[in-house]
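Biologist: Could you take a close look at a single part of this model for me, and then show me how its surroundings are put together? I'd be glad of the cut-offs along the way.

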Amino acid sequence: MTTTAAPEQRISFPVTGMTCAACQARVQRALRAEPGVSDATVNLVTNSAAVVYDAATVTPQRLIDAVRATGYDAALPVPDDDLGDTVDQAASERARALTTKALVSVIAGLVAMAFSMTAMGSAGVNFGLMGLTAVIVGWAGRDIYRAAWKTIRHRSADMNVLVTLGTAAAFLYSAVATVAPAMLSRNGIAPEVYYEAVIFIIGLVLAGRAIEARARDRTTAALKRLATLLPSTARVERSGDWVDVPIVQVNAGDVVLVRPGERLPVDGKIVDGASEVDESMLTGEPLPVAKASGDSVVGGTVNATGSFRYVATSVGSNSVLARIAKMMRDAQLSRAPVQKLADRVSAVFVPAVLTIAIITFVVWVAAAGVTALPHAIVAAVSVLIIACPCAMGLAVPTAVMVASGRAAELGLLIKGGEILQRAGDVDTVIFDKTGTITEGRPRVTRIVPAPNVGEREVLEFAAALENRSEHPLASAIVKAAGERGIVSLRVDGFRSLTGSGVTGIVGGKSIAVGNAALIRELGLDSATPAEVLAGESELFVVADRQVIGRIIVADVVRSSSRAAIHRLEQLGIATVLVTGDRRAPAESAAEAVGITSVFAEVRPEEKVDVVKSLQRDGHVVAMVGDGVNDAPALAQSDVGMSMPKGTDIAVEASDVSLLRSDLMSVPTAIALSRRTMRTMKQNLFWAFVYNVIGIPIAAGVLYPIVGTLLNPVIASAAMALSSISVVMNSLRLRHVRLA
């Protein structure tokens with residue numbers, strides 16, 4: 001008997017207790033070491049882990065146990081049945097608690113500094129400061145020391161260990177100087193105390209984490225806005241009555257009533273009534289969209305005018321908004337390849353800092369003797385405090401999170417940090433024609449009536465017949481008639497002539513609508529032909545064997561296509577049109593938007609060959625398409641982009657889903673990627689440079705020049721500011737101009 005291997009699964013779960021890149025790296029290594037885990041990503045910003053694993057080899061609970069074995073905590077995820085679960089309430093509460101402890105600690109530090117300056121050396125004051133410091137250490141710094149102890153027990157080290165060692169060394173030396181000052185004096189050591197430094201270090205570390213937590217909270221702003229788009233209740237038909245129920249109690253198949261001005265609670269299909277619906281939150285289209293029986297609607301959109309009833313189709317985690325939220329969460333949990341550099345450094349950073357601190361202490365004592373013990377302690381403590389692996393851990397994920405949220409606001413769903421980074425390297429964009437460069441649906445572009453015949457009469461006869469036809473060109477004529485307020489006339493004796501057109505009796509006249517083949521079949525003279533461009537279709541309208549006019553139908557180019565191509569050229573990106581359509585309409589569409597390289601009459605497998613050929617020549621290729629025939633090329637390209645009304649297969653094969661029918665989204669995605677990569681590199685550069693410059697200064701390399709050492713309080717402030725600066729630099733992506 002053969003067994004089928006279980007497919008790989010993905011799980012995301014919260015991880016608590018992490019404070020720096022060293023924590024993140026340790027948890028990540030532990031998860032990746034588990035048998036059956038093919039990939040694991042730990043995100044310091046979201047305090048979470050995403051793991052791809054073989055369910056036949058490892059269980060979710062074992063992954064949780066692996067995290068706990070490193071000294072941090074984790075829990076199995078709670079099913080996210082609604083968008084409200086995307087908002088982390090615990091994070092906000094933690095930020096408030098950190099703010100309170102930081103504020104109290106800083107005030108206590110100011111008090112300690114004032115007493116130290118006014119009563120320097122007083123035994124009574126020193127004992128009072130020792131008590132105050134002990135209270136701050138035990139209350140405000142408790143979580144820092146507890147986390148450090150857990151980490152040390154697991155034979156590791158992180159930012160908490162550095163802060164703990166630094167403050168503990170300063171406190172213990174100060175305590176000795178307070179309790180037994182004579183012992184130090186006999187050995188030529190000044191009995192100085194550093195209580196205010198200990199308090200300030202704890203206060204500033206907590207203040208930095210509080211500001212950091214609030215700034216991180218802003219990186220999830222886009223997700224939070226999604227959570228506010230759905231109403232809390234829905235009016236549902238139950239046993240013949242309309243009742244308001246919580247949205248979580250709406251089931252697929254329920255009939256929902258929506259009145260003017262209300263937000264739609266769930267996705268569904270209209271069964272009765274008509275209205276206009278504002279879908280700008282989803283598509284970016286500024287004008288409301290007309291909806292009638294049989295049309296689909298999306299939860300979170302706004303009903304504008306009329307009221308209607310609709311059947312709920314997708315609820316909870318299956319809804320459009322929930323799927324968008326999930327894609328955003330997955331993208332924000334993912335890693336950009338540039339993160340690997342920070343991970344490698346973080347793995348050895350804390351042990352290296354501990355080594356440097358020990359060397360600093362030993363060098364000071366060896367060079368200046370035991371009398372330099374206060375200087376040695378200050379220098380070693382400053383080294384421990386100023387070193388900041390937090391900044392390195394935040395450098396990349398904060399940029400990915402902010403960029404993912406900004407992308408969603410711009411109508412782009414980017415599937416991960418790797419895609420976000422790769423899109424910036426694109427130098428060639430391939431476009432499909434139908435439904436991408438063009439709107440994908442025929443439209444009447446002009447009507448050419450015969451002498452003494454009006455355009456309305458031509459369209460009226462044509463629409464009457466075409467209303468019975470299912471041909472795509474027929475729908476264009478019927479729609480044009482509806483836009484002009486033309487009511488469909490009665491038709492008798494309707495006939496469809498395959499490959500040529502339709503005939504029937506309308507208003508007592510024999511009417512025919514069709515192409516040139518129909519005119520030949522009827523043995524009529526088409527008279528002077530109208531000017532027909534490549535890509536346009538010409539339909540003749542005949543009344544009682546007389547050609548009374550022509551209707552020109554075409555799949556028109558999107559209004560944004562030319563501007564998008566021009567913007568790509570400004571970004572230094574080449575554009576190519578690849579289509580299965582005939583060469584004449586393909587070249588016409590390409591000329592209209594400014595594309596010079598055209599591949600026409602190309603089969604789906606040949607589209608893949610075009611992509612491969614460009615890749616072999618060293619190009620990084622993006623493919624933009626919407627149909628099943630585009631899916632192979634979308635998958636082959638370096639970055640696949642699917643149009644908003646593309647097939648499910650095209651969306652699955654793509655890396656970027658465009659939510660708006662606006663090709664300007666393509667250059668916007670690439671520009672956002674490039675700006676995000678620039679931000680990531682800036683963050684990493686300053687995180688590295690900060691430590692390269694800060695640690696030697698803290699160790700005392702400038703002492704021979706300036707005669708003073710870096711105060712540990714200044715070191716702790718600098719450490720906090722380094723992390724905050726990285727987060728704030730990433731937050732600039734929320735407002736950067738990409739046009």
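Modeller: Happy to! Helices (H or I, at least four residues) and strands (E, at least two) are DSSP runs, numbered from the N terminus, and two strands pair if DSSP finds at least two bridges between them. This is a predicted model, in which local features need pLDDT of at least 70, side-chain atom pairs count only at pLDDT 80 or more, and totals for chains, interfaces and linings use all residues. Residues are numbered from 1 along each chain as its sequence is written, and side-chain values use heavy atoms, with hydrogens and water left out.

The part I would pick is strand β18, residues 501-506. Five of its six residues are buried (under 20% relative accessible area; exposed is over 50%, partly exposed in between, with a 1.4 Å probe and protein chains only). That is why β18 can be called largely enclosed by the rest of the structure. For the wider setting, 50% of the protein's 739 residues count as buried, and the protein has 27 helices and 26 strands.

Now look at the two partners of β18. With strand β17, residues 491-497, β18 pairs in the antiparallel sense over five bridges. In that pairing Arg495 stands opposite Thr503. The hairpin of β17 and β18 has three residues between the strands, and Gly499 takes a positive phi near 85° there. The other partner is strand β19, residues 509-514, which runs antiparallel to β18 and is joined to it by six bridges. Here Gly501 of β18 stands opposite Gly514 of β19. β18 and β19 also form a hairpin, this one with two residues between them. In its turn sits Gly507, with a positive phi of about 60°.

What forms a salt bridge with Asp492, a residue of this region? The partner is Arg490, and their closest N and O atoms are 3.3 Å apart. A salt bridge here is a side-chain nitrogen of Lys or Arg within 4 Å of a carboxyl oxygen of Asp or Glu. Arg490 has 66% relative accessibility, so it counts as exposed, while Asp492, at 34%, counts as partly exposed. Elsewhere, salt bridges that share partners join Lys101, Asp143 and Arg146 into one network.

From that network, take Asp143 and Lys101: their salt bridge has its closest N and O atoms 3.7 Å apart. This pair links distant parts of the chain, with Asp143 in helix α5 (residues 142-153) and Lys101 in helix α3 (residues 89-118), 42 residues apart. Lys101 counts as buried because its relative accessibility is 13%, whereas Asp143 is partly exposed at 42%. By the rule above, the count comes to 18 salt bridges.

Another of these joins strands. Arg309 forms a salt bridge with Asp272, and the closest N and O atoms are 3.6 Å apart. Again the pair links distant parts of the chain: Arg309 lies in strand β13 (residues 308-312) and Asp272 in strand β8 (residues 268-273), 37 residues apart. Arg309 has a relative accessible area of 28% and Asp272 one of 40%, so each is partly exposed.

For another antiparallel arrangement, try the open sheet of three strands in the order β10-β9-β12. Its edge strands are β10 (289-291) and β12 (302-303), each of which pairs on one side only. Strand β9, residues 275-278, runs antiparallel to β10, and three bridges join the two. Within that pair Glu276 stands opposite Ala290 of β10.

Coming back to your close look, β18 has antiparallel pairing with β17 and with β19, with a glycine of positive phi in each hairpin: Gly499 in the hairpin with β17 and Gly507 in the turn to β19.
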